[in-house]
Each structure stands twice: as C-alpha cells, then as structure tokens.
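Reader: I am new to this structure and should be grateful for a close look at the charged side chains and their partners. Please say also how far the model can be trusted.

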Amino acid sequence: MEMRYNIVIEQDKDGIFIATAPALPGVVDHGDTPDQAFANMGEAMRFTLESMVEEGEELPNPDTGEAMRFTLESMVEEGEEREELSNPDVPAFKEIRPIELAI
C-alpha cells in the first residue's frame, strides 16, 4: 500500500535544513541541503510507519495538497528592504514536498 504524506523543510538559523511531517508529530530529521533533509526524513517516516504497522497501530491519514516553496526573498516586495522582514522566528527557507511511501 502506498501512502502520501507531506514533508515540511525549514532552514534553521545555523543553515541546517530541518524536516518534519505534520501527520507524524515527533518525527524529525535534518540535512545539509533540502534534498538531504527530504531523503533522511523519508527514511525516518518509513521506519516509523513500518513500526506502527508491526505494532498494529492505526496509520495517520494521508496528506493532500501541493508542493510549496517559500524563501524570504520571494516574500520581499520590489523596493522593500529584506531587513524589514527579518525575524528570527520566521525561517528564511520553507518548502513542503509530498512523499509517497510503500508500507
């Protein structure tokens, strides 16, 4: 059975890309690039979901929605200074990618 879930990738203040999955709270991974964080998170999710199946736990509902990508630069309007949007609580990079996992 294939399940589709979303992976959210954000860049932290140190430049590391952190990956989470809204459907699997507590499952987190990281990487030096968005692609590496995505791949690492896919493996973590696969392991978690397979463990849930083995334990007879109910799997979370698959996610819907499209891939999205945000950068701080893409949110700056022409003529606006980037510093106006600088906020340590807002990641400079955020991407949502779907992944299909065979469970």
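Author: Arg46 is partly exposed, its relative accessible area being 27% (buried means under 20%, exposed over 50% and partly exposed in between, with a 1.4 Å probe and protein chains only). The model is predicted: local features need pLDDT of at least 70 and side-chain atom pairs pLDDT 80 or more, whereas totals for chains, interfaces and linings use all residues. Residues are numbered from 1 along each chain as its sequence is written, and side-chain values use heavy atoms, without hydrogens and water.

Arg46 forms a salt bridge with Glu43, with 3.6 Å between the closest N and O atoms (a side-chain nitrogen of Lys or Arg within 4 Å of a carboxyl oxygen of Asp or Glu). The two residues are three apart in helix H1, residues 34–54, and so are separated by about one helical turn. Helices (H or I, at least four residues) and strands (E, at least two) are DSSP runs numbered from the N terminus.

In the whole structure, a search finds four salt bridges. Another of them joins the side chains of Glu10 and Lys94, at 3.6 Å from N to O. Because Glu10 belongs to strand S1 (residues 2–11) and Lys94 to strand S5 (residues 93–102), this pair ties together parts that are 84 residues apart in sequence. Glu10 is partly exposed, with a relative accessible area of 30%, and Lys94 is partly exposed at 30%.

Strand S5 is also the place of Arg97. Arg97 is buried, with a relative accessible area of 16%, and its salt bridge with Glu95 has its closest N and O atoms 3.1 Å apart. Glu95 is likewise buried, at 10%. A network of salt bridges links Asp35, Glu95 and Arg97. The side chains of Arg97 and Glu95 also make a polar contact at 3.1 Å (N or O atoms within 3.5 Å, one able to donate a hydrogen and the other to accept it; residues adjacent in sequence count only if both atoms are side-chain atoms).

Arg97 has an aromatic partner as well: it lies over the face of Phe38, 4.9 Å from the ring centre (NZ of Lys or CZ of Arg must be within 6 Å of the centre and within 35 degrees of the ring normal).

Both Phe38 and Arg97 are in contact with Ile7, where contact means heavy atoms within 4.5 Å. Beyond its neighbours within four places in sequence, Ile7 touches further residues, among them Ala19, Met41, Met45, Glu95 and Ile99. Ile7 lies in strand S1 and is buried, with a relative accessible area of 0%. The C-alpha atoms of Ile7 and Pro22 are 7.4 Å apart in space, while the residues are 15 apart in sequence.

As for trust, the mean pLDDT of the protein is 80, and 72% of its residues reach 70 or more; pLDDT is the predictor's confidence in each residue, from 0 to 100. Confidence is highest in strand S3 (residues 28–31), at a mean of 97, and lowest in helix H2 (residues 72–75), at 48. Residues 72–77 stay under 50, and the model has nine contacts for them beyond four places in sequence. Residues 80–86 also stay under 50, with ten such contacts. Where pLDDT is low, the predicted coordinates should not be read in detail.
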